[in-house]
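Grab a pencil and work through these exercises one at a time. Try each task yourself before you read its solution.

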There are 2 protein chains.
Amino acid sequence: MPDRLSEVLNASLKCFARYNYKKTTMEEIAEELGLTKGALYSYARSKEDLYQKAVAYALTKWQSKVREAVEDADRPEDKFMALSFKAFKYLAADHDLRNILINDPDIFPMFPKEDPFFEINENSRNMLRAVLEEGINSNTFRPLDLDSATWLLFSIYKMFIIDTYVVPDREATEKLFKDAVDLLLHGLFSQDRH
Amino acid sequence: MPDRLSEVLNASLKCFARYNYKKTTMEEIAEELGLTKGALYSYARSKEDLYQKAVAYALTKWQSKVREAVEDADRPEDKFMALSFKAFKYLAADHDLRNILINDPDIFPMFPKEDPFFEINENSRNMLRAVLEEGINSNTFRPLDLDSATWLLFSIYKMFIIDTYVVPDREATEKLFKDAVDLLLHGLFSQDRH
DNA sequence: AATTAAACAAATAAACGTTTTGTTCAATTA
DNA sequence: TAATTGAACAAAACGTTTATTTGTTTAATT
């Protein structure tokens, strides 16, 4: 299971996380594995390809953890909560991926022109959309515009991820995140107005 | 009222909007006014100071328009709507400011480390906070955490501004914005669940 | 089939002279 | 007197060249 390719990608992640793409050398990565740099070209066409593969590998792992959490929940609101909190909290543990995101914010861009990992992100959006759709169909959620809601919630989620892990500046984002989820679930309006 | 300083700042805005800060020369701005570059130093200490003053001038104008719209409304929900839509739509008309924001996204940053126009933005946030507070006190809005809600809503607002005017990529953000305001007012949950 | 080690090519950084451009200020103008 | 000019100066930006590093290829080796 932990095949050679995974070892190479993990070593690459470790090195790329230390500084950034540019300052990391192929020799450095090879050294980490006890190889010489030429050997790396059995696993990737180029330095850029190696980076691409390594990051995709890390992002997919993140996504799998979220998917598991969602599958463990039953009701739509629980799935929504599981998805929100797992996705938000995962990065706290994955130091390598977090450092890579800090050094290269284009991987998980707030305003993507051309998203280099579009497929992976699209997959995540679809996961969210499915939860929302199930909630609407079961009358747990209001009859929202599915596309708008998916886009909006995913954008807000991105915003929190970036603000918390990529450009951290503040304390206590945990409370902020909880308050945000609550506001999104219940809205601004009080139930009992006029 | 349109004093000399305003003329200088407007000419500066026009020039800075054409390209960007770096590529704009003091001579270019002076020419626009029919002056020589030395004269500009009666109005600002340096090129950077001139830029700073010009942008602050434009941002303050934007803010005034929003404030007027809010003051014209009565009920908290109307104030909230007025604030949201005026703030969002204003930039469509102010071409100079929009171009400057495109060339220099740090002016209105999604994730500010050190906000160069913190005071102006803080003023805007306070305007939003006041509307929310009034809504909570009159029981129109739920008893939210005022700080969290202000931060969240202002961040979402920034997100829309940047996505629509600074990194535009998509059509039909108008519908998206309306759907977002609706979702924030009413939340995901349907009223009549179990 | 994976890996090495040497050779090559491409990108990066350093050094340097040139030009542009921001800034100052004494003289001038209105 | 306050605003503006125009020349002088200093600092930053730019283009060019050279030296060095680093990515990539490949024939030989394990």
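**Exercise 1. Place Asn139(B) in its chain, then decide whether it is buried, exposed or in between.**

Start with the location: Asn139(B) sits in the loop that links α6 (118-137) to α7 of chain B. Helices here are DSSP runs of H or I with at least four residues, strands are runs of E with at least two, and both are numbered from the N terminus. A quick word on the ground rules: this is a predicted model, where local features need pLDDT of at least 70, side-chain atom pairs count only at pLDDT 80 or more, and totals for chains, interfaces and linings use all residues. Residues are numbered from 1 along each chain as its sequence is written, while chains are lettered from A and ligands numbered from 1 in the order in which they are written.

Next, the backbone: Asn139(B) is not a glycine, yet its phi is positive, about 65 degrees. Finally, count neighbours. A residue is buried if 20 or more other C-beta atoms (placed from the backbone) lie within 10 Å of its own, exposed if 12 or fewer, and partly exposed in between. Asn139(B) has 13 C-beta neighbours inside 10 Å, so it counts as partly exposed.

Now look at the other chain. Asn139(A) is in the loop between α6 (118-137) and α7 (146-166) of chain A, and it has a positive phi of about 65 degrees too, although it is not a glycine.

**Exercise 2. Describe the surroundings of Tyr21(B).**

First find the spot: Tyr21(B) belongs to the loop between α1 and α2 (26-33) of chain B. Then list what it touches. Two residues are in contact if their C-beta atoms, placed from the backbone, lie within 7 Å. Leaving out residues up to four places away in sequence, Tyr21(B) touches Phe16(B), Tyr51(B) and Asp104(B). Glu48(B) is 27 residues away along the chain, but its C-alpha is 8.5 Å from that of Tyr21(B). To finish, Tyr21(B) is partly exposed because it has 14 C-beta neighbours inside 10 Å.

**Exercise 3. Which residues of α5 in chain B are buried, and how are they arranged?**

Helix α5 covers residues 95-103 of chain B, and Leu97(B), Arg98(B), Ile100(B) and Leu101(B) are its buried residues. Look down the axis of α5(B): these residues fall within an arc of 165 degrees (taken from the directions from the helix axis to the C-beta atoms), so they line one face of the helix. Here's a handy reminder: an α-helix has 3.6 residues a turn, so residues three or four places apart point the same way. As for what covers the buried residues of α5(B), the list includes α1 (4-18), α3 (47-71) and α7 of chain B.

**Exercise 4. Work out how chain B is related to chain A.**

Superpose the copies by least squares on the C-alpha atoms of residues with pLDDT of at least 70 in both. A rotation of 180 degrees, with 0.0 Å of shift along its axis, puts chain B on chain A with an RMSD of 0.1 Å. The two copies are thus related as by a two-fold rotation axis. In chain B, the C-alpha nearest that axis belongs to Gly187(B), at 1.8 Å.

Now for the contacts: 34 residues of chain B meet 33 residues of chain A. On the chain B side, α7 (146-166) and α8 (173-186) are the elements that give two or more residues. The biggest share comes from α7(B), with 9 residues. Since 97% of the interface residues of chain B are also interface residues in chain A, the copies meet through the same surface.

One residue to check is Ala180(B), which touches Leu152(A) and Ile156(B), not counting residues up to four places away in sequence.

**Exercise 5. Which residues come closest to each DNA strand?**

Count a residue as near a strand if its C-beta atom, placed from the backbone, lies within 6 Å of it. Around DNA strand C there are 13 residues, and the closest are Leu35(A), Gly38(A), Thr25(B), Ser46(B) and Lys47(B). DNA strand D has 13 residues around it, with Thr25(A), Ser46(A), Lys47(A), Leu35(B) and Gly38(B) coming nearest.
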